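Subject: Structure for your review

Dear colleague,

Please find below the sequence and the structure that I am handing over to you. My notes on what was found follow directly after them.

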Amino acid sequence: MIRPASTMVLAGLLAAGLVAAPIGAQTLPEAFSTGPAIPDHGPVAPQPEDAFNLVPGEKYRVLFDVASGSRDEHVLNRRLESVARFLNLHARAGFDTEDLQIEVVTHGGTTFDVLSREAYRKRFDVAHPNADLLKALQDAGVTVYLCGQSASAHGVATDELAPGVKLAHSAMTVLVRRQSEGWVLMP
């Protein structure tokens, strides 16, 4: 479990450039590829069979807190893509993804990333860069929530959400409730 102090240390190391930041829009080495759980998203590299991994046969409940994503507007949200990477890397290692119950709570800067294709185009006059990823995650059994407070702050109505995205009272509510139920938080 990452403790708040550990999170602060990690954030400091990231800011100082002493730890690599999440993969950006750079070209990945040839060893990286997508699938099998999410075929067109979430590139991962193979690891040795004896690499530390989840325990086969165990059930895991994982909550991704997605409040930011990419620095540029109208691009694939890298934090959402991390959910696809999580599924792909474990599926590729032979872990049964049916043993993974995954939820995502979006808020703040990711509010518009969970709009429907139509609502996104209407607001920004560009194609929705995350629509296919959202659908693929949901097809893989991932539940996606949008913080109701962020939706209200950004003027997003429930009929603008992508199919299957659920409105939560708040992101804080999802985080508190799921952690009290024993879910593992991926900040």
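A residue is called buried when its relative accessible area is under 20% and exposed when that area is over 50%, with partly exposed in between. By this rule Ala168, at 11% relative accessibility, counts as buried. Please keep in mind that the model is predicted.

**Overall organisation**

The protein has 187 residues, and 37% of them count as buried. Its accessible surface comes to about 11000 Å², with 55% of that area belonging to carbon and sulfur atoms. The fold contains six helices and five strands, and from the N terminus they follow one another as α-β-α-β-α-α-β-α-β-α-β. Considering contacts between residues at least 6 apart in sequence, 65% join residues at least 24 apart.

**The sheet**

In what order do the five strands stand in the sheet? The order is β4-β3-β2-β1-β5, in an open sheet with parallel pairing. The edges are taken by β4 (166–168) and β5 (184–186); each has a single partner strand, so one side of each is left without a neighbour in the sheet. From one strand to the next, the twist averages 30°.

Strand β2 (residues 100–106) deserves a look of its own. Six of its seven residues are buried, so β2 is largely enclosed by the rest of the structure. Strand β1 (residues 60–66) runs parallel to β2 and is joined to it by seven bridges; within this pairing, Arg61 has Gln101 of β2 as its bridge partner. Between these two strands the chain passes through helix α2 (residues 78–92), and the resulting β-α-β crossover is right-handed.

Strand β2 also runs parallel to strand β3 (residues 143–147), with four bridges between them. Here Thr106 has Leu146 of β3 as its bridge partner. Strand β3 in turn pairs with β4 in the parallel sense over three bridges, and Leu146 stands opposite Leu167 in β4.

**The nonpolar cores**

Which residues have the most contacts inside the largest nonpolar core? They are Phe64, Ile102, Val104, Leu137 and Val142, in a core of 30 residues. At least two residues of this core come from each of β1, α2, β2, α3 (117–124), α4 (131–139) and β3. Helix α2 gives the most, with five residues.

Val104 may serve as an example. Setting aside its neighbours within four places in sequence, Val104 is in contact with Leu63, Phe64, Val66, Leu80, Val83, Val142, Thr143, Val144 and Tyr145. Apart from the largest core lies another one, of nine residues, which include Val105, Ala171, Leu175 and Trp183.

**Ala168 in its surroundings**

We may now return to the residue with which these notes began. Ala168 lies in strand β4. Not counting residues up to four places away in sequence, Ala168 touches Tyr145, Leu146, Cys147, Gly148 and Val174. Ala168 and Val105 are 63 residues apart in sequence, yet their C-alpha atoms are 8.5 Å apart in space.

**Three places in the loops**

Three points in the backbone should also be examined.

- Gly35 and Pro36 are joined by a cis peptide bond, with omega at about 10°. Pro36 is located in the loop between α1 (4–16) and β1.
- His74, in the loop between β1 and α2, has a phi near 60°, which is a positive value in a residue other than glycine. At 32% relative accessibility, His74 counts as partly exposed.
- Asp125, in the loop between α3 and α4, has a positive phi of about 60° although it is not a glycine. Is Asp125 buried or exposed? Its relative accessibility is 63%, so Asp125 counts as exposed.

As you go through the model, you may wish to begin with strand β2, which is joined to β1 by seven bridges and to β3 by four. From there, Val104 leads to the largest nonpolar core, as one of the residues with the most contacts inside it.

Yours sincerely,
Your colleague

Technical notes: Residues are numbered from 1 along each chain as its sequence is written. This is a predicted model: local features need pLDDT of at least 70, side-chain atom pairs count only at pLDDT 80 or more; totals for chains, interfaces and linings use all residues. Side-chain values use heavy atoms; hydrogens and water are left out. Buried means under 20% relative accessible area, exposed over 50%, partly exposed in between (1.4 Å probe, protein chains only). Contact means heavy atoms within 4.5 Å. Accessible areas come from the Shrake-Rupley method with a 1.4 Å probe; for residues, only the protein chains shown count as cover. Two strands pair if DSSP finds at least two bridges between them. A crossover is right-handed if, with the strands pointing away from the viewer, the path from the first strand over the helix to the second runs clockwise. A nonpolar core is a set of buried Ala, Val, Leu, Ile, Met, Phe, Trp, Tyr and Cys residues joined through side-chain atoms within 4.5 Å. Axes are lines fitted to C-alpha atoms, for helices over the stretch in contact, and angles run from 0 to 180 degrees between N-to-C directions.
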